Amino acid sequence: MKKIIIIFLFITANFIAVNKNTVAFLPIQSSIVQQTDSVKVDSLKINSVVKEEAKKEVKNTKDKIVENLTPPPIWEFFSAAKIFWAIIFIIIGYLLIKFTVSLLEKYAEKFTNQRITIKGIIPVIKIFGWIFIIVLIIVGVFQPPAATLIAVSASLGIAVGFASQDIIKNIFGGIIILLDRPFTVGDKIEVGSHYGEVVEIGLRSIRIVTADDSLVSIPNGELMNESVSNSNTGEANCQVVAEIYLPITVDTKRVRQLAYESAQISKYIYLNKPIYVLFFNEVKEGRSYLKMRLKAYVVDIRYEFAFKSDMTEIVIKQLLEQKIIDPKDLR
């Protein structure tokens, strides 16, 4: 009996101790839970504040970029002083380009062999000279910000693209001609029905002087779609062909010798290149003829038609004087 009581008392004491420890642990656990919940709430608040600040910063940055890219009104860049200096630069540039071009033209006319080379520089000076003047006025005088330049360039590009497609086509054609150089100023070319000496290559068109001393302007855009025949390709000399119709019974050996000698004594002949005399049979108005083609080179392309006239006159005169042909055969 005594043993049972002792065991009962031991179990009771242990039970009371466990209850006391449990009661003591509950406040501690509750405090830890409360602290954890508080940390979670503070973390959510911090994240919310950070997100709001980030949004504000992005918005401010975006507003600054838009403000920087928005060009100010264009009239703010114009003033009486700026317009005055722009006009001064245009006048000075025009006079300098004109003086340089006239000086080169005078120098070119004095030297036949260098004439075409020197005149080929003139259109390059004109085009790049005006480009330099325009850039100088925009950058040096008006000094618009990048945003204004971009806005104005875009607007002008759209407007010009729709309103003046032909002009842009001609300008690109002029640039291609300067880069590709199918001909230069001073060359004799044939485009369509026009044949003459190139006297000017511009951004919009080229100008040639025909044999009748007519000035013909041909748009650069049309040249891009036309076949161009170049007689001299940058050289001062060029080949000229004089044609004379003769009776079918003529002595071609004597005629060839006479034509060859006539060409050799011409004041326009360029003897560093060969002379050819060729014969072809042609039928005109039911009659058969021999067409003589005298091919020779002249020292200057400007003597082309003078040489043709000279050869026709001299050869026919000698044929008649030497009685190689009868005057009746020329009727």
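**Valine 255.** I began with valine 255, which, leaving aside its neighbours within four places in sequence, is in contact (heavy atoms within 4.5 Å) with Leu246, Val250, Phe279, Met292, Leu319 and Ile324. I note that this is a predicted model, in which local features need pLDDT of at least 70 and side-chain atom pairs count only at pLDDT 80 or more, while totals for chains, interfaces and linings use all residues. Residues are numbered from 1 along each chain as its sequence is written, and side-chain values use heavy atoms, with hydrogens and water left out.

**The core.** I then looked up the largest nonpolar core, meaning a set of buried Ala, Val, Leu, Ile, Met, Phe, Trp, Tyr and Cys residues joined through side-chain atoms within 4.5 Å; it has 27 residues, and Val255 is among those with the most contacts inside it, as are Leu246 and Met292. S6, H7, S7, S8 and H8 are the elements that give two or more residues to this core. Apart from it lies another core, of 14 residues, including Ile177 and Ile208. In soluble globular proteins, nonpolar side chains tend to be buried together.

**Helix H7.** Helices (H or I, at least four residues) and strands (E, at least two) are DSSP runs, numbered from the N terminus. I checked the length of H7 (residues 252-264): at 1.5 Å a residue its 13 residues should span 18 Å (the expected span being 1.5 Å times one less than the number of residues), and its end C-alpha atoms are 18 Å apart, which agrees. Buried means under 20% relative accessible area, exposed over 50% and partly exposed in between, with a 1.4 Å probe and protein chains only. The buried residues of H7 are Val255, Leu258, Ala259, Ser262 and Ala263. They cover an arc of only 130° around the axis, taken from the directions from the helix axis to the C-beta atoms, and so lie on the same side of H7. These buried residues pack against strands S6 (238-247), S7 (276-284) and S8 (287-298) and against helix H8 (304-321). At the start of H7, a side-chain oxygen of aspartate 251 reaches to within 3.2 Å of the backbone nitrogen of lysine 253.

**The loop after H7.** Is serine 266, in the loop between H7 and S7, buried or exposed? I found serine 266 buried, with a relative accessible area of 7%, and, not counting residues up to four places away in sequence, it touches Phe307, Asp310 and Met311. Leucine 271 is found in the loop between H7 and S7, yet leucine 271 is exposed, with a relative accessible area of 55%.

Note on methods: Polar contact = N/O pair within 3.5 Å; in protein donor to acceptor, adjacent residues only side chain to side chain.
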